[in-house]
Amino acid sequence: MSRRGATRASRNNPLIEYSPIEGAIDELMTADGQIRPVWQSFIDHLSSLREEEVALRLARGDEYLRDAGVFFRQYGQKDSVERAWPLSHIPVLIQESEWEQISAGLIQRADLLEAIAADMYGPNTLVRDGYLPPSLIATNPEWLRPAINMLPQGRHYLNFAAVDIGRGPDGRWWVLQDRTQAPSGAGFALENRVATSRVFSEFYADANIHRLAGFFRAFRDALYAMRTDDTSRVGILTPGQHNDTYYEHAYIARYLGLMLLEGEDLVVADGKVMVRTVSGNHPISVLWRRLDASYADPLELNGASKLGVPGLVAACRRGSVTLVNALGSGVLECPGLFAFLPRIAQHLLGAPLAMPNVATWWCGDAAARREVAANLERVVMRSAFPNQPLPSSAAREFGTVDVNEAAVALQTMSDRSGSLLVAQEAVTLSTTPVMLDGKLRPRPASLRIFLARTSGGWQVMPGGFARIGKTSDPSAMAMQHGGSVADVWVVSDQPVKPDTMLPAETAPYVRPQLGSLPSRAADNLFWLGRYVERAEATLRLLRAYHTRLAEAGFAETPLLVQLTEFIEENGIDPEQCVPGALRDDLAFAIGSAGKVRDRFSIDGWMALNDLAETATKLARTVTPGYDTARAMGVLLRKITGFSGLVHENMYRFTGWRFLSIGRSLERAVNMCSLLATFADQDAAPGSLDLAIEVGDSTMSHRRRYAVNTTRATVIDLLGLDTMNPRSILYHLSEVREQIARLPRLEHGTHMTALSRAVLQLHTDIAVRRPEEVESAELAEYGEKLMRISDVLTDTYLR
Amino acid sequence: MLYEIKLTTTTTYERYANAGRHLLRLMPLDGNLDGQRLIAGSLDIRPSPKERTDAYDFFGNRTTEVVFGESHRKIEFTVRARVDRYAQANELDLSPLLGALPAELNMVRTLDARSPHHFLSASPLVGSSAPIAEYALALVGAEMTVFEAVNALNLALHKDMTYDGDATTVDTPLEEAFEKRKGVCQDFAHIMIACLREIGIPAGYVSGFLRTEPPKGQPRLEGADAMHAWVQAWCGMECGWIDFDPTNALIVGQDHIVVARGRDYSDVGPVKGVLWTSGDQDTEQAVDVIPL
C-alpha cells in the first residue's frame with residue numbers, strides 16, 4: 001500500500017474521484033472507502049499505467065471490436081441500424097468463492113425451472129395441487145398448446161439458459177429475470193472477453209481469471225451428443241440478419257463450427273428435418289434454436305411467421321429432431337411465475353430457493369392486489385408475461401404518479417385483468433467502476449450468467465455479461481435506457497487452467513464435418529458475385545462515358561449518342577453522375593453478403609460497405625466530365641480491392657465456387673452485349689477503342705496486336721482469347737471448371753443438363769474465328785449464358 | 001338426428017404451386033360431450049398426397065396433415081360423413097349469477113382441453129377491444145345469470161349486425177367488422193366471443209355444418225352453403241359449455257354438427273396451408289347436409 005502511495009504523484013490515480021453511491025453496495029469499494037481484496041491487484045495494475053497509456057489501451061479494445069465487426073442492431077421508430085458495441089473496458093471482478101455460491105443458486109434454479117416445464121407440458125400437478133393458478137399458464141402466450149404432452153427428444157426442455165441477477169443493498173444476489181426461450185449474450189460475452197483481455201493483456205495473462213473456452217467446448221460436445229446418429233448435423237436456427245442479435249448467431253456458429261441456418265434452409269420430409277444444400281438434402285438432428293418458438297412453424301404455431309419451417313412441430317413430435325431449447329421453454333420466462341417459485345421450490349425440491357428472486361405479486365388474485373395496493377411506493381408494475389409491455393389499460397392507470405389512483409384501480413380490478421399484471425419490488429442494484437475521462441466512477445450493474453446442460457450436468461459459464469447503467473441512478477428501471485456492457489472476471493486464489501479460447505477455428509474440438517453448403521447461402525454468394533461484377537462493369541462504362549463527354553467538350557458525337565443509348569438500355573441513367581442503378585447494385589451486393597456473414601471475411605464486408613458509402617458520398621459532390629471519370633476511378637480501385645480480398649484470400653470451398661461462377665457469368669454476359677454494340681460493323685467511329693477500354697484490355701491489345709485496331713482484333717481479344725481474364729471464352733472456361741467441381745446431384749455417367757449447356761456453348765465459341773463472328777451471334781451467346789444461369793439456379797439454388 | 005354430410009373444398013392456383021404442407025380440420029367430432037357420434041367418415045384428397053398423418057390436436061379436434069410431392073394447379077379435399085346428432089338445445093338455466101362466475105372459475109383447477117381457463121383471456125384473433133367492452137357491458141347486469149347474459153348478447157348481436165358476405169374477408173379484424181356491424185358467421189362468432197370475455201365469461205369458437213334444408217315450415221338458416229361457425233360459452237360448473245349461434249339467434253341443437261372447437265378461428269381453421277406459388281389462388285366450398 002505504501003509503495004503504491006509513493007508512486008501516486010507520478011502515476012495515474014484513477015480512483016481519485018471514486019466513492020460509493022448512498023444506499024447501494026459498490027463492487028469495488030466498501031462503504032468506508034477500502035478497496036475489496038478481489039480488486040486490489042487489478043487496481044494496482046491500472047494505477048501503474050500512465051493516463052495516456054490507459055487511453056491508448058482502451059482504444060486498442062475498441063479497435064479490436066471494430067475490426068472484428070462486432071455490432072448490434074438497434075430498432076428505431078422506422079428502421080433499424082447497426083450500432084458499434086458499447087464496451088465498458090473495466091471488467092466486473094467476482095471472487096471465486098462467491099461465484100461458487102452464485103453458481104449453486106442458479107443450478108438449483110435451472111433444475112427447478114426444468115421440473116416446472118415438464119409439469120406444465122405434462123400432468124399439470126402444480127395446477128391441480130394449487131401451487132400454480134391455471135389462468136397464469138393458460139394466458140401465457142408462450143405456453144404452446146401443440147407442444148403439450150410432447151416429450152422433447154433428449155428429454156429436457158432446457159439445455160441452455162441465462163439468468164439476469166443483481167446485488168441488492170443487503171449484499172445478496174437476487175434473480176431479476178430468467179431467460180429460457182433463446183438466451184442471447186453468450187457470444188457477446190466471448191467478444192467482451194477478447195476485447196477486455198487485449199486492453200489489459202499483460203495483467204490478464206498472469207492473473208488467475210477463469211477462462212471461458214471450456215464452457216463452450218462442453219456445450220458443443222453436449223450438442224453433438226444429442227444427435228440421433230453420427231452422420232446427421234448440428235445447426236443454429238436463426239431468425240436471420242434482421243434480428244437484433246444476428247451478429248452473435250453468426251459469431252457462435254463460426255466459433256463452434258456449427259451450420260448457421262434460417263427457416264428457409266430447412267425442409268421437413270417424412271417427419272425428418274433436412275438441410276437443403278447444393279449437394280442435396282442432408283438430415284439434421286440437433287438445432288440450437290435462436291428463433292422464438294412461436295415463429296418456428298407457420299403450420300402449427302404463428303401462421304403469419306415467414307421465419308419458420310412448416311412441419312417442424314410434427315418433426316419434434318416424432319422425435320426426429322432435438323431443439324435446444326425445446327419448443328415451449330419460453331413459458332418459463334414469466335415474471336408472474338416469480339410469485340410462486342418459493343413455494344414450488346419447497347414442494348418440488350424440499351428446499352428454499354438458494355438465490356431468491358425479486359419479490360413479486362401476481363395480480364390475478366384479489367388478496368395479492370390488496371397487498372400491492374398497500375405497498376405501491378415500493379413496487380414496479382410489469383406485464384406478467386415475457387417480453388410484453390404493460391397492457392394499455394394498466395399503463396394508463398399505473399403510468400400516473402398518483403399512488404391513490406393506482407390503489408383504487410387495483411381494488412376495482414377483475415381477476416381477468418389482474419392476471420396480466422405483476423407487481424415487483426423495485427430493485428436497487430450494486431455499482432461497479434466504469435472509466436470516464438480517465439477516471440473511474442461507479443455505475444449500477446446487473447449480470448447475465450449462462451448455464452449449459454452437459455454430460456456432467458449443468459455447467460455455469462465462469463464469467464458472463466454485465467450490463468452497466470448510463471447514469472448513477474441505481475434503480476433497475478434506469479437500466480432500460482441504454483448504457484454499456486462489460487466483461488465479468490471470476491478471480492481465483494489459485495492459478496487457473498490456461499484454456500485457450502482464441503484459436504477456436506483450429507481448436508482440437510473441431511470435428512470433421514462434411515462441408516455442405518446450404519442452397520440459400522450458395523444463392524446469396526452467387527448473386528454477390530454477379531452484383532459486384534455488374535457494379536464494376538457499370539463503373540467502367542461510366543468512366544469511359546464521362547471521359548468522352550469531357551473530351552468532346554460536351555458535344556453530341558455519334559459515339560456519345562450510341563454510348564448514351566447503350567447505358568440507358570442497361571437501366572442506367574447517364575444524367576446522374578453516380579446513378580441510382582449503380583448504388584442499387586452495391587446495396588444488393590451488401591444485402592446478399594449480409595445474409596452469409598458467417599461465411600464471409602470481416603475485411604471483405606468492410607471493404608464492400610466502404611465502397612457503397614464512398615459511392616453515396618461521391619454522388620453528392622461530383623460534376624459531369626473528368627470529375628466523375630476520376631470518381632469512377634476511385635470506386636474502381638475500391639471494388640478491385642474487394643475482389644482481390646475475395647479471390648486472393650477466400651478458401652476455395654463450394655461457396656467460393658458459386659461466387660466465382662456468378663462473377664464469370666455476369667462478366668461474360670456483359671462482354672457479349674458490349675461487343676454486340678461496339679464491335680458492330682456499323683458502330684460509330686471510336687467504338688472499338690471504347691470496347692477495349694471498357695474491357696480493361698488496352699495494354700494487352702497494344703502488346704498482342706502490332707497492327708491497327710480492327711473488329712477482328714477486338715473480338716479476338718475480348719471474345720475468343722483463352723488467356724485474357726476479360727474475354728467471354730476465358731470466363732466460360734472458368735464456369736466450366738467450377739461447375740465440374742460442384743457436387744453432383746444426379747447419379748450415372750451422363751453429363752448433367754448444366755454441364756452439357758456449358759460445354760456446348762464453350763465449344764461453339766471456341767471453334768469460331770474472330771472475323772466471322774456476327775454481332776447477332778454475340779447477342780445470342782449472351783442469351784445462352786443467361787440460360788446457363790437459369791439452369792444453375794434450378795439445379796442448385798432452389 | 002342422422003345426417004349424411006358431404007363437403008368439398010377446391011383450391012385452384014393461377015400458377016403451379018410447389019410441394020406444400022397442409023393441416024386440415026374437416027372431420028366432424030366424435031364424442032358424447034359434444035352430443036354427436038361419427039358413425040362413418042372419410043377424407044379424400046386429390047392429388048394423392050406424398051405423406052398423410054392423422055392425429056388429434058390439443059382441443060381434441062381431428063387433424064390431417066398432408067404433404068404434396070409434386071407441383072399442382074388444383075387441390076381438392078372431400079369429406080363424406082354420417083353423423084348421429086343428438087344434442088338438445090339447452091332449456092334449463094342452472095347457471096350462476098354473473099358476479100359469482102369468477103369464484104366458480106377459481107374452483108376449476110385443471111388445464112385439460114375443456115377447461116374454461118383457455119377461453120377467458122385474449123387469443124390470437126380475439127384481443128381486447130374498448131368499443132366491444134362498452135357494447136357488451138351495456139347489455140348485461142349483475143342481476144343476470146350467466147346464461148341470461150350470453151343469451152342477451154346472442155340476440156343483440158343478431159339484431160344489431162347484418163349478415164353480409166361482401167363486407168369482410170377471412171382476414172378482416174373483428175374490430176372492423178364490429179364497426180361496420182356487418183359480416184359473416186366468422187365475424188359474428190369472433191365479436192360474440194370478444195363480448196363474452198369482456199364481461200368475464202369464457203368463450204370459444206366452434207366450426208361445423210348446418211343442415212342444408214330446414215325442417216318443414218321453418219326458414220333456411222344463414223350459413224348453410226359452406227362451413228359454419230358459432231360460439232361456445234362456459235356457463236358455470238353446473239351447466240358447463242353451451243353453444244350459441246349469433247348468426248341465427250339460436251341456442252345450438254340438432255341442426256348444427258360440430259367439426260372443431262378452439263379459442264378462435266386460428267385454432268380450428270379447416271384448411272391451413274403453406275405452399276409456394278407466385279400467382280393468385282381461389283377456394284370454393286360445397287356442402288350438403290342431408291337428414292336421413
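1. Two strands pair if DSSP finds at least two bridges between them. With that in hand, start in chain A of this predicted model, where an open sheet of 3 strands runs in the order 12-14-13 with antiparallel pairing. Strand 12 (360-362) and strand 13 (379-383) of chain A sit at the edges with a single partner strand each, so one side of each has no neighbour in the sheet. On average, neighbouring strands here are turned by 25 degrees against each other, ignoring direction.

2. Zoom in on one pairing. Strand 13 of chain A and strand 14 (residues 421-425) of chain A are joined in the antiparallel sense over 5 bridges. If you want a spot to click on, Arg382(A) stands opposite Val422(A) in strand 14 of chain A.

3. What packs on this sheet? Helix 14 (residues 366-374) of chain A does, touching strand 12, strand 13 and strand 14 of chain A. The direction of helix 14 makes about 135 degrees with that of strand 12 of chain A.

4. Next, a helix pair in chain A. Helix 4 (residues 96-120) and helix 13 (residues 341-349) of chain A pack at an angle of about 85 degrees, and their axes are 11 Å apart. That angle makes helix 4 of chain A roughly perpendicular to helix 13 of chain A. On the helix 4 side, the contact uses Gln108(A), Leu112(A), Ala115(A) and Ile116(A); helix 13 of chain A brings Leu341(A), Ile344(A), Ala345(A), Leu348(A) and Leu349(A). By class, that gives 8 nonpolar, 1 polar and no charged residues.

5. Now look at where the chains meet. The contact takes 24 residues from chain A and 20 residues from chain B. On the chain A side, helix 5 (125-128), helix 6 (134-139) and helix 17 (415-418) are the elements that give two or more residues. Helix 6 of chain A gives the most, with 5 residues. The chain A side divides into 10 nonpolar, 8 polar and 6 charged residues.

6. Finally, chain B has its own internal contact. This chain is divided into domain 1 (2-86 + 269-291) and domain 2 (98-268), with 24 Å between the domain centres, taken over C-alpha atoms. Domain 1 of chain B puts 23 residues into the contact and domain 2 of chain B puts in 20 residues. Which elements give two or more residues to the domain 1 side? They are strand 1 (2-17), strand 6 (72-85) and strand 15 (281-291) of chain B. Strand 15 of chain B gives the most, with 6 residues. By class, this side of domain 1 of chain B has 14 nonpolar, 5 polar and 4 charged residues.

Terms used:
Residues numbered from 1 in each chain as written. Chains lettered and ligands numbered in written order. Predicted model: local features only at pLDDT ≥ 70, side-chain atom pairs only at ≥ 80, totals over all residues. Domains from an automatic or database assignment. Contact = placed C-beta atoms within 7 Å. Helix = DSSP H or I, 4+ residues; strand = E, 2+ residues; numbered from the N terminus. Nonpolar A, V, L, I, M, F, W, Y, C, P; charged D, E, K, R; others polar. Axes fitted to C-alpha atoms, helices over the stretch in contact; angles between N-to-C directions. Parallel < 35°, antiparallel > 145°, perpendicular 65-115°, else oblique.
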